[in-house]
Amino acid sequence: MAVSREQLYKEVWAESMTAVAKRYGVSSSFLGRICDRLRVPHPSRGYWAKLKSGKAPDRPPLPEALSGDEIEWVREGEAQRISLAPPKPPDE
């Protein structure tokens, strides 16, 4: 099963990393590393407690995937990546 960057972003900001990680059968720290690898911002520790008290920081936007970036996470197999841009011809 493949999970896109966009889907992962939505999930980690909708509920705790622990809950999302449990659904995928991984630890929350592993899921955090997956988010980092995919360049998906995720809540820091204590975010949900701050949210309950009305002091949570703003949610950062999902950055655009860059050439060569993974665009999905797959538990088994190879993830898709953004195609590398073709090389520019030399200026003459």
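Which are the buried residues of α1? Keep that in mind while we set the scene.

This is a predicted model, in which local features need pLDDT of at least 70 and side-chain atom pairs count only at pLDDT 80 or more, while totals for chains, interfaces and linings use all residues. Residues are numbered from 1 along each chain as its sequence is written, and side-chain values use heavy atoms, with hydrogens and water left out.

**Stop 1: the whole protein**

Start with a cartoon view. You will find 4 helices and 2 strands, arranged along the sequence as β-α-α-α-α-β. Here helices (H or I, at least four residues) and strands (E, at least two) are DSSP runs, numbered from the N terminus. Of the 92 residues, 30% count as buried, where buried means under 20% relative accessible area, exposed over 50% and partly exposed in between (1.4 Å probe, protein chains only). Among contacts (heavy atoms within 4.5 Å) between residues at least 6 apart in sequence, 54% join residues at least 24 apart.

**Stop 2: helix α1**

Now select α1, residues 5–14. Here is the reply to the opening question: R5, L8, Y9, E11, V12 and W13 are buried. Show the surroundings too, since the cover over these residues includes β1 (2–4), α2, α3, α4 (47–52) and β2.

Click on V12. Leaving aside neighbours within four places in sequence, V12 is in contact with M17, V20, L31, C35, P41, H42, P43 and W48.

Next, pick E11, also in α1. E11 counts as buried because its relative accessibility is 11%. Not counting residues up to four places away in sequence, E11 touches V20, R23 and Y24.

**Stop 3: Y24**

Follow that last contact to Y24, which sits in helix α2. Is Y24 buried or exposed? With 12% relative accessibility, Y24 counts as buried. Beyond residues up to four places away in sequence, Y24 touches M1, V3, E11, W73 and R75. Try a distance label from Y24 to V3: the two are 21 residues apart in sequence and 9.9 Å apart in space, C-alpha to C-alpha.

**Stop 4: where α2 meets α3**

Select α2 and α3 together. Their axes come within 8 Å and cross at roughly 90 degrees; axes are lines fitted to C-alpha atoms, for helices over the stretch in contact, and angles run from 0 to 180 degrees between N-to-C directions. That angle makes α2 roughly perpendicular to α3, a label for 65 to 115 degrees, with under 35 being roughly parallel, over 145 roughly antiparallel and the rest oblique. On the α2 side the contact is made by M17, T18, V20 and A21, and on the α3 side by S28, L31, G32 and C35.

**Stop 5: one face of α3**

Stay with α3 and highlight L31, G32, I34 and C35, its buried residues. Look down the axis of α3: these buried residues fall within an arc of 160 degrees, so they line one face of the helix. The arc is that of the directions from the helix axis to the C-beta atoms. The buried residues of α3 pack against α1, α2 and β2 (72–74). Just after α3 comes R39, whose phi is positive, near 60 degrees.

**Stop 6: the core**

Finally, show L8, V12, L31 and W73 as spheres. Of the 17 residues in the largest nonpolar core, these touch the most other members. Such a core is a set of buried Ala, Val, Leu, Ile, Met, Phe, Trp, Tyr and Cys residues joined through side-chain atoms within 4.5 Å.
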